[in-house]
Amino acid sequence: MRSDTVAKLLYDLRYRPTGFEPPVAGTTIVIDEAGMLNTANLHQLINHADNFGWRLALVGDPRQLHAVGRGGMFDELCATGLTIELDQLHRFTHDWEAAATLRLRRGDASVLNTYADHKAIIAGTFDDHLAGVVNEWRWHQTMGTTLAITTTRNDDVRTINDAIQVDRLERGDLDTAPATLLSIGIGHPGDVITTRRNDRRLITSTGDSVRNRDHLTINAINPDGALVATSLNGDRTVTLPADYVAEHVHLGCAATEHGAQGETADASLTIITDATTNRGLYVGTTRGQSNNLILTVADDIAHAIERLTHVITNDRTDLPATVQRRHLLQDQKRLRPTRKPRCEIPDWFNGVLEEARADAHRLRRAAETRDAQREKESQLVDEARRLLPGATAAHAPFADAVRHSSYERHNAQKNVWPVEGDLRSVWQRSASRLWIPGTAGHRALPSAKERGTFWPQR
């Protein structure tokens, strides 16, 4: 299918150059090597897919290397979303290697014994490995087959490329007369080079533009330093200007794991260093179809397996913020201390606790009743206050008469008090018998019972 880079699609969608028409609704956009897509670009693609009605198909291996920038979202989507996985491998010639790569992909260190049994792990010094890489590259060139050489550091990649170039110069495989300065090293006709920058102004003989990590062979060097180069399979030719060569071209026999990811070759060599991770090891050892060798700086095979075991457990992946947050929550739950009682609870405690709860319930009910009564009384007070102004106004015309009556009642009360005093004195001086009108003579004072019945009240 027609393809281009994600960067080009995002650029066109942002600046809308003349002649650009975005894919119509319903289009399926396939993103290959989606694990190397950084989070910012993935976010933009998803927004555009929502706006234009596209379907995004992300294709890749979440166990391979991530983006150079902030990434890791493809791995997270595969872990938490719906995925379709291939269940058969078609790359490898040998069945044992296909099964072994799946175990290596899972981080199973015991698979190293399988690689050792098939002589796929080689121990030695770095110089030994460097010489072996040069010989292996020369043999594959003679046989017309392809060889992928990977390692982790850019400095080691340059050392390998320089060693292969020196060997070819010594054997006369390269023309030493014309030469040009590359961004890293010097180029001669016959050298294998790689481009490191997209440039759509540079068009090949087939109408394609020059892209990052195109592998080419130098055919000729122009007097101005420009290169005429052909693709490794010979299907297209391009002229690279001197300024592009000096900034964005270097020798291309070896590459880092990031540079080799997505490449398929007849065989591969992977040089292990202390910077290699399990993802880098997995990528390097799965480039070749018929043969993949692991070159380890070690004293012997046992030492090499020990070092490779450390590599398999070394995963320097880029975790998105969503994954970090989930891990932190899991750590908090796992590390949260368990509470223990400070003392043993006696048997009688539950009974006392129930009684206290019953008392508390009773007091709450009493408080609720009191609050209700207070609320009712408050309403009465409010009602009285509301009626008070009207009552005061109605009482105002009679206020003077009321005060006058009160004054007269007060004076009458003062006149009654002396009379009551005289009456008490008469009772105290009275004899034991009193003459009662309407009776013959005198009789004794009535008893208390009699007074209660018919004695006239004062």
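For the pocket discussed below, Ala, Val, Leu, Ile, Met, Phe, Trp, Tyr, Cys and Pro count as nonpolar, Asp, Glu, Lys and Arg as charged, and the others, Gly among them, as polar. Keep in mind that this is a predicted model.

**The pocket**

With those classes in hand, the lining of the second largest pocket splits into 5 nonpolar, 9 polar and 4 charged residues. Its volume comes to about 340 Å³. There are 18 lining residues, and the ones closest to the centre are Asn-154, Val-157, Ile-184, Arg-196 and His-250. Which element gives the largest share of this lining? That's α7, with 5 residues. At least two lining residues each also come from β13 (249–251), β14 and α9 (257–260).

**The parallel sheet**

One of the pocket's contributors, β14, also belongs to an open sheet of 5 strands, in the order β3-β16-β15-β4-β14, with parallel pairing. β3 (121–124) and β14 (254–256) sit at the edges with a single partner strand each, so one side of each has no neighbour in the sheet. On average, neighbouring strands here are turned by 25° against each other, ignoring direction. At the β3 edge, 4 bridges tie β3 to β16 (residues 288–297), and Ile-121 has Ile-294 as its bridge partner in β16.

Helix α7 (residues 154–171) turns up again here: it lies across β4 (147–151), β14 and β15 (265–272), and runs at about 175° to β14.

**The antiparallel sheet**

Another 5 strands make an open sheet in the order β12-β11-β10-β7-β13, this time with antiparallel pairing. Its edge strands are β12 (237–240) and β13, each pairing on one side only. Neighbouring strands in this sheet are turned by 40° on average, again with direction ignored. Inside it, β10 and β11 run antiparallel, with Ile-221 standing opposite Leu-227 in β11. As a reminder, β13 is also one of the elements that line the pocket.

**A β-α-β unit**

Towards the start of the numbering, β1 (residues 28–31) and β2 (residues 55–58) pair in the parallel sense. Thr-28 stands opposite Arg-55 in β2. To get from β1 to β2 the chain goes through helix α2 (residues 39–52), and the crossover is right-handed.

Here are the strand pairs side by side:

| Strand pair | Direction | Bridges |
|---|---|---|
| β3 and β16 (residues 288–297) | parallel | 4 bridges |
| β1 (residues 28–31) and β2 (residues 55–58) | parallel | 4 bridges |
| β10 (residues 215–221) and β11 (residues 227–231) | antiparallel | 5 bridges |

Terms used:
Residues are numbered from 1 along each chain as its sequence is written. This is a predicted model: local features need pLDDT of at least 70, side-chain atom pairs count only at pLDDT 80 or more; totals for chains, interfaces and linings use all residues. Side-chain values use heavy atoms; hydrogens and water are left out. Two strands pair if DSSP finds at least two bridges between them. Axes are lines fitted to C-alpha atoms, for helices over the stretch in contact, and angles run from 0 to 180 degrees between N-to-C directions. Contact means heavy atoms within 4.5 Å. On a 1 Å grid over the protein atoms alone, a cavity is a set of points where a 1.4 Å probe fits but cannot get out, and a pocket is an open set with protein on both sides within 12 Å along at least five of seven lines; lining residues have an atom within 4 Å of a point. Grid points are joined across faces, edges and corners, and a volume is the space filled by probe spheres set on the points. A crossover is right-handed if, with the strands pointing away from the viewer, the path from the first strand over the helix to the second runs clockwise.
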